[in-house]
Amino acid sequence: MKLILHSFDLLLKHTFTIAHDSRDVQPTLIVELQDGGFSGFGEATTNNYYGVTMDGMKTALEKVREAVENYAWGTPENLWEIVYPALQGNPFALCALDMAAHDLFAKKHGQKLYESWGLSADRNPLTNYTIGIDSVETMVVKMQEVPWPLYKIKLGTADDLRIVRELRQHTDARFRVDANCAWTADQAIAYAPELKTLGVEFIEQPLAAADREGMKRVFAESALPVIADESCIVESDVDLCAGLFHGVNVKLTKCGGLTPARRMIARAKELGMKTMVGCMTESSVGISAIAHLLPLLDYVDMDGTLLISNDPATGVTFDYGQVLYAEENGTGAKLLNR
């Protein structure tokens, strides 16, 4: 077994702006596990908001190199348990390693990853395409560049309702909106009725993650369902979201990979909540891993590869929101030029 680390700078087609961040380049770390002629790949991007750096992820993974390369771990879940004590402080690095282990395990068993979990991909949800905050004119251009049946609109400005009204004039697609913690409870409750008439199906993370009292009001009074993102980071958060949100958006990098994500999705279902997985502007490596969770989900946001211009890998592709799996087993991801 060999642990190999690859770093890349993903170039965004447009400046990507949300309520608390703006970027043109997205650094990413791709983990490769080589064993017996097979390579498994996993990924995690850096993130200023969560203090995740490339050096930090690499340093964390070096601490578990011996455990990964020399220990007789059997399943990806087994490896996750072995390295978790050392990597719990860096879930992004843990995610990349866990993804690679799942990819490798399924490839060695001659199966696509979702097949190794006993799932069927017959009824996968469509992915949205994200429109970052910009001038309305530029946001319209972004939609016209990528005709899509479902858009997620990033909000958190002084003109949020006007933005959605203007965008609605240019498409019949369904909308989702994501405020990334930028609204108050009063705003969310006041905006929801008009957003609903404008074809918005849900609001993602309207309030700051710590505003539980505000979310109780929004949950009770909003005309639209609300989905947790920043309020649902790790496994224990799922229970805390019950009664505050109608669903949870699980991010693999934040929770530490596919292993805990599957447990979070199962728990959310037990609590009667909708399930969603989102991306963090990953390449085809990370996006392809997300694709294998689709049979478990109600919603998905996995458009990272559509937002970048220099994807260093291949994997799943898209047909008007529908995910098309690669021919390869595992997650289907492969690094280019190898």
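Trainee: So helices (H or I, at least four residues) and strands (E, at least two) are DSSP runs, numbered from the N terminus. Which element gives the largest share of the lining of the largest pocket?

Mentor: β2 does, with 6 residues. Keep in mind that this is a predicted model.

Trainee: What volume does the largest pocket have?

Mentor: About 400 Å³. Its lining holds 29 residues. Nearest the centre lie Phe16, Ile18, Arg23, Asn47 and Met280. Two or more lining residues come from each of β1 (2–18), β2 (21–35), β5 and α14 (304–307).

Trainee: How do the residues of that lining divide by class?

Mentor: There are 9 nonpolar, 10 polar and 10 charged residues in the lining of the largest pocket.

Trainee: Now closed spaces. How many cavities of 30 Å³ or more turn up in the whole structure?

Mentor: The search finds 1. The largest cavity holds about 100 Å³ of space.

Trainee: Which residues line the largest cavity?

Mentor: Leu12, Lys13, His14, Thr15, Phe16, Tyr129, Thr130, Gly132, Lys142 and Leu307 do. The largest share comes from β1, which gives 5 residues. β1 and β4 each supply at least two. By class, the lining of this cavity has 4 nonpolar, 4 polar and 2 charged residues.

Trainee: Phe16 catches my eye.

Mentor: Phe16 is among the residues nearest the centre of the largest pocket. Phe16 also lines the largest cavity.

Trainee: Back to β5. Are its residues mostly covered or uncovered?

Mentor: Mostly covered. Strand β5 spans residues 150–154, and 5 of its 5 residues are buried. One side carries Leu150, Lys152 and Lys154, the other Tyr151 and Ile153, and all are buried.

Trainee: Which strand pairs with β5 over 3 bridges?

Mentor: β4, residues 129–131, in the parallel sense. Tyr129 stands opposite Tyr151 there. Strand β6, residues 174–178, also runs parallel to β5, joined by 5 bridges. In β6, Tyr151 has Phe175 as its bridge partner.

Trainee: Which helices sit between those strands in β-α-β units?

Mentor: Helix α6 (residues 136–145) goes with β4 and β5. Helix α7 (residues 160–168) goes with β5 and β6. The first of these units, with α6, is right-handed. The unit with α7 is right-handed too.

Trainee: Switching to rings. How many aromatic pairs does a search of the whole structure find?

Mentor: It finds 9. Trp80 and Tyr84 make a stacked pair, at 4.7 Å centre to centre and 20° between the planes.

Trainee: Where do Trp80 and Tyr84 lie?

Mentor: Both are in helix α3 (residues 76–87), 4 residues apart, about one turn of the helix. An α-helix has 3.6 residues a turn, so residues three or four places apart point the same way.

Trainee: Why does Trp80 count as buried but Tyr84 as partly exposed?

Mentor: Trp80 counts as buried because its relative accessibility is 6%, and buried means under 20%. Tyr84 has 32%, so it counts as partly exposed.

Trainee: And why is the pair of Trp183 and Tyr191 edge-to-face?

Mentor: Their planes are at 85°, so the pair is edge-to-face; the cut-off is over 60 degrees. Their ring centres are 4.9 Å apart. Trp183 is buried at 5%. Tyr191 is buried as well, at 16%.

Trainee: Which residues do ring pairs link into a cluster?

Mentor: Tyr129, Trp148, Tyr151 and Phe318. You met Tyr129 opposite Tyr151 in the strands.

Conventions:
Residues are numbered from 1 along each chain as its sequence is written. This is a predicted model: local features need pLDDT of at least 70, side-chain atom pairs count only at pLDDT 80 or more; totals for chains, interfaces and linings use all residues. Side-chain values use heavy atoms; hydrogens and water are left out. Buried means under 20% relative accessible area, exposed over 50%, partly exposed in between (1.4 Å probe, protein chains only). Two strands pair if DSSP finds at least two bridges between them. A crossover is right-handed if, with the strands pointing away from the viewer, the path from the first strand over the helix to the second runs clockwise. On a 1 Å grid over the protein atoms alone, a cavity is a set of points where a 1.4 Å probe fits but cannot get out, and a pocket is an open set with protein on both sides within 12 Å along at least five of seven lines; lining residues have an atom within 4 Å of a point. Grid points are joined across faces, edges and corners, and a volume is the space filled by probe spheres set on the points. Ala, Val, Leu, Ile, Met, Phe, Trp, Tyr, Cys and Pro count as nonpolar, Asp, Glu, Lys and Arg as charged, and the others, Gly among them, as polar. Rings of Phe, Tyr and Trp (its six-membered ring) pair if their centres lie within 6.5 Å; planes under 30 degrees apart count as stacked, over 60 as edge-to-face and the rest as tilted.
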